[in-house]
Amino acid sequence: MYMVTLMQTTENLLYQSENLDTIIINLMRLVEMKSAKLFLHSHQVANYAVSIAAKMRLPREELERIRYAAILHDIGHLTVPNAVLAKVPYLSTREMSVYKNHCNAGSFMLENISCCQELIPYIRYHHEQFDGKGYPKRLKGVNIPLGARIIAVANYYDRSINPCTQHWAKITEDAVRELQNHSGTAFDPEVVRAFVEAMGQGLIMSKDAENPGSQAERAER
C-alpha cells in the first residue's frame, strides 16, 4: 500500500511538472508575439533569479518555483497596451496606473490553474519594495515573499542593462552600484548581496556614488 501511494505521488508530481512546462510554453508564445524583448527579458530574469536562489542555498524545489515564477513575472504585460509599454518610464499618472496593474493582472491570469498556485505570490509582489513603498500592496520587509524579493533584484538588474525601450540603459557596474545603493530600501540586502556574489563582483560601492533621485523612480518599474 505504501509503495502504491508513493508511486502515485511521484506520478502526480511528474504530471504536474510536465503540465506546468506546457502552460509556460504556451503563455510565453503569447509574450513573444507581443514583444521579443519582453520574451528575452523574462528568460534572463529567470536565469538571474535562479543564480541568486542557488547562492542563497535554497532547496531545489524552491529554485524551481522561483524559476517558473520569474519566467512568468511579466505575464501581466499582455494586458498593457503596447503604446504604454513603449513610453516607459515616461508615463502619465493614468498610464502608470495601467502599467502597475500588470502585477495583479498576471496573477489573475493564473489563479484558476492549479499547478500555478505557488507561483502567484511571487508574480503578484515582485514590485513590492523592502521599505514598503512598492506596489500593489505596499508590503514591507519579510512580509514580501522571498521569491518575489529575488525576482525584484533580477528584474531591476536586467531592466537596467537590457531595457525594453531605448530611453535609458546602464552598464553592468552602474546597475550593480544602483542595486547596492537601494539595498535596504527598494531591495532586500541579503538578496542583493547574494546577487553580487553570484555575479562574481565583490564590489564595495559608496551609497552616495550617484544621485538616487531618478534611481528610486526607476526601481518602481
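**Helix pair α8 and α9**

I looked up the handedness of the crossing between α8 and α9 in this predicted model, and I noted that the crossing is right-handed. For the geometry I took helix α8 as residues 146-161 and helix α9 as residues 172-181, and I recorded that their axes come within 9 Å and cross at roughly 145°.

I then listed who meets whom: on the α8 side I found Val153, Tyr156, Tyr157, Ser160 and Ile161, and on the α9 side Thr172, Ala175, Val176, Glu178 and Leu179. Sorted by class, this contact of α8 with α9 comprises 7 nonpolar, 2 polar and 1 charged residues.

**Aromatic pairs**

I next asked how many aromatic pairs the structure holds. The count came out at 4.

I went through the pair of tyrosine 48 and tyrosine 157, whose ring centres lie 5.1 Å apart with the planes at 90°; since planes over 60 degrees apart count as edge-to-face, I entered this pair as edge-to-face. I placed tyrosine 48 in helix α2 (residues 36-55) and tyrosine 157 in helix α8, so the pair ties together parts that are 109 residues apart in sequence. I checked the burial of both residues, and tyrosine 48 and tyrosine 157 are each buried.

Tyrosine 48 also forms an aromatic pair with phenylalanine 195, for which I noted 6.1 Å centre to centre and 80° between the planes, again an edge-to-face arrangement. Because phenylalanine 195 belongs to helix α10 (residues 189-198) while tyrosine 48 belongs to helix α2, I recorded this pair as tying together parts that are 147 residues apart in sequence. Phenylalanine 195 is buried, as is tyrosine 48.

Putting the entries together, I wrote down a cluster of Tyr48, Tyr157 and Phe195 linked by ring pairs; Tyr157 of this cluster is also among the α8 residues that meet α9.

**A charge over a ring**

Which residue lies over the face of tyrosine 68, I asked? I found arginine 67 there, at 4.7 Å from the ring centre.

**Serine 42**

I turned last to serine 42, which I located in helix α2, the helix that also holds tyrosine 48. Is serine 42 buried or exposed? Its relative accessibility is 1%, and because buried means under 20%, I entered serine 42 as buried.

Leaving aside residues up to four places away in sequence, I listed Met28, Ala70, Ile71 and His73 as the residues that serine 42 touches.

Technical notes: Residues numbered from 1 in each chain as written. Predicted model: local features only at pLDDT ≥ 70, side-chain atom pairs only at ≥ 80, totals over all residues. Heavy atoms only, no water. Axes fitted to C-alpha atoms, helices over the stretch in contact; angles between N-to-C directions. Helix = DSSP H or I, 4+ residues; strand = E, 2+ residues; numbered from the N terminus. Left-handed = near helix turned anticlockwise from the far one by under 90°. Contact = heavy atoms within 4.5 Å. Nonpolar A, V, L, I, M, F, W, Y, C, P; charged D, E, K, R; others polar. Phe/Tyr/Trp six-rings, centres within 6.5 Å; stacked < 30°, edge-to-face > 60°. Buried < 20%, exposed > 50% of the residue type's maximum accessible area, 1.4 Å probe, protein only. Lys NZ or Arg CZ within 6 Å of the ring centre and 35° of its normal.
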